[in-house]
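Please examine the sequence and the structure shown below. The paragraphs that follow lead through them step by step, beginning with one helix and its surroundings.

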Amino acid sequence: MNIACLGWGSLIWKSGVLPVASEWHDDGPRLPIEFAREGDHGELATVLCAGAEEQAVWWAMLSSTDLRQARELLRQREEIDPEHPEWVGDTEADRHGAAGEAIRAWARAEGIDAVVWTALPPRCDGIDGQVPSEDDAVRYLDALEGEERAHAEQYVRRVPAMIATRNRAAIERALGWTPAPFDS
């Protein structure tokens, strides 16, 4: 089984334990992505977000040929609580709505047997599922200090410029955190 992984944030420049076996390609499916998850390390992470503008996402082939193993390695890389297996998406499951359908259609067109992706929900004010507004996003990031703020800024700048979202535009206007030249 050939398995691909989708990425739209730090996964594409820091794969960790995920067994990436190809370069990252920038012509993946178009999905609703937004800077909408207060991360465990301070960043405002990019996540699938219903109602967000669709963005072309990145993809890479994995060396793993076992879908269960690929899911587990992605879960470990993303530090996802085992209590939430639904936060790791895959094309075998039918629980990811329109995004899952778009990913399955893209995989079929590419001749890819299976795809895994991070399916963490948005999080604002510590509430999973709550989507931050532009003001919420800027206020959250602007309140960070020290290393946490530096990490959050680096995250925003390193996300490829092609991920051009509403919240990113607000962050650029308010904080001046523009994209850095991309290097996967």
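The buried residues of helix α3 are covered by elements that include strands β2 (30-38) and β3 (44-48) and helices α4 (146-158) and α5. Contact here means heavy atoms within 4.5 Å; helices (H or I, at least four residues) and strands (E, at least two) are DSSP runs, numbered from the N terminus. The model is a predicted one, in which local features need pLDDT of at least 70 and side-chain atom pairs count only at pLDDT 80 or more, while totals for chains, interfaces and linings use all residues. Residues are numbered from 1 along each chain as its sequence is written, and side-chain values use heavy atoms, with hydrogens and water left out.

Which residues of α3 are buried? They are A137, V138, Y140 and L141, where buried means under 20% relative accessible area, exposed over 50%, and partly exposed in between (1.4 Å probe, protein chains only). These residues lie on the same side of α3, because they cover an arc of only 160° around the axis; the arc is that of the directions from the helix axis to the C-beta atoms. On the other side of α3, the residues D135, R139 and A143 are exposed.

Helix α3 also takes part in a charged pair. The side chains of E134 and R173 form a salt bridge, with an N to O distance of 3.2 Å; the term stands for a side-chain nitrogen of Lys or Arg within 4 Å of a carboxyl oxygen of Asp or Glu. Since E134 belongs to helix α3 (residues 134-143) and R173 to helix α5 (residues 166-175), the pair ties together parts that are 39 residues apart in sequence. E134 is partly exposed, at 26% relative accessibility, whereas R173 is exposed, at 62%.

Side chains of opposite charge can pair when their charged atoms come close. How many salt bridges does a search of the whole structure find? The search finds 13. In one of them, R71 pairs with D90, and the closest N and O atoms are 2.7 Å apart. R71 lies in helix α1 (residues 67-77) and D90 in strand β6 (residues 88-90), so this salt bridge joins parts that are 19 residues apart in sequence. Both partners are buried: R71 has a relative accessibility of 17%, and D90 has one of 5%.

Another salt bridge is found within a helix, between the side chains of E101 and R104, at 2.9 Å from N to O. The two residues are three residues apart in helix α2 (residues 97-110), and are thus separated by about one helical turn. An α-helix has 3.6 residues a turn, so residues three or four places apart point the same way. E101 is partly exposed, with a relative accessible area of 41%, while R104 is buried, at 12%. Salt bridges also link R37, D40, R123 and D128 in a network.

R37 has a further partner, for it lies over the face of W87, at 5.4 Å from the ring centre. A charge sits over a ring if NZ of Lys or CZ of Arg is within 6 Å of the ring centre and within 35 degrees of the ring normal.

Rings may also pair with one another. Rings of Phe, Tyr and Trp (its six-membered ring) pair if their centres lie within 6.5 Å; planes under 30 degrees apart count as stacked, over 60 as edge-to-face and the rest as tilted. The count of aromatic pairs comes to three. The pair of W59 and W106 is edge-to-face, because the ring centres are 5.4 Å apart and the planes stand at 70°. With W59 in strand β5 (residues 58-61) and W106 in helix α2, the pair ties together parts that are 47 residues apart in sequence. W59 is buried, at 10% relative accessibility, and W106 is buried, at 10%. Ring pairs also link W13, F35 and Y155 into a cluster.

Two loop residues touch members of this cluster. S10, in the loop between β1 (3-7) and β2, is buried, with a relative accessible area of 17%. Residues up to four places away in sequence aside, S10 touches R77 and Y155. T165 lies in the loop between α4 and α5 and is buried, at 6%. Leaving aside neighbours within four places in sequence, T165 is in contact with I33, E34, F35 and Q55.
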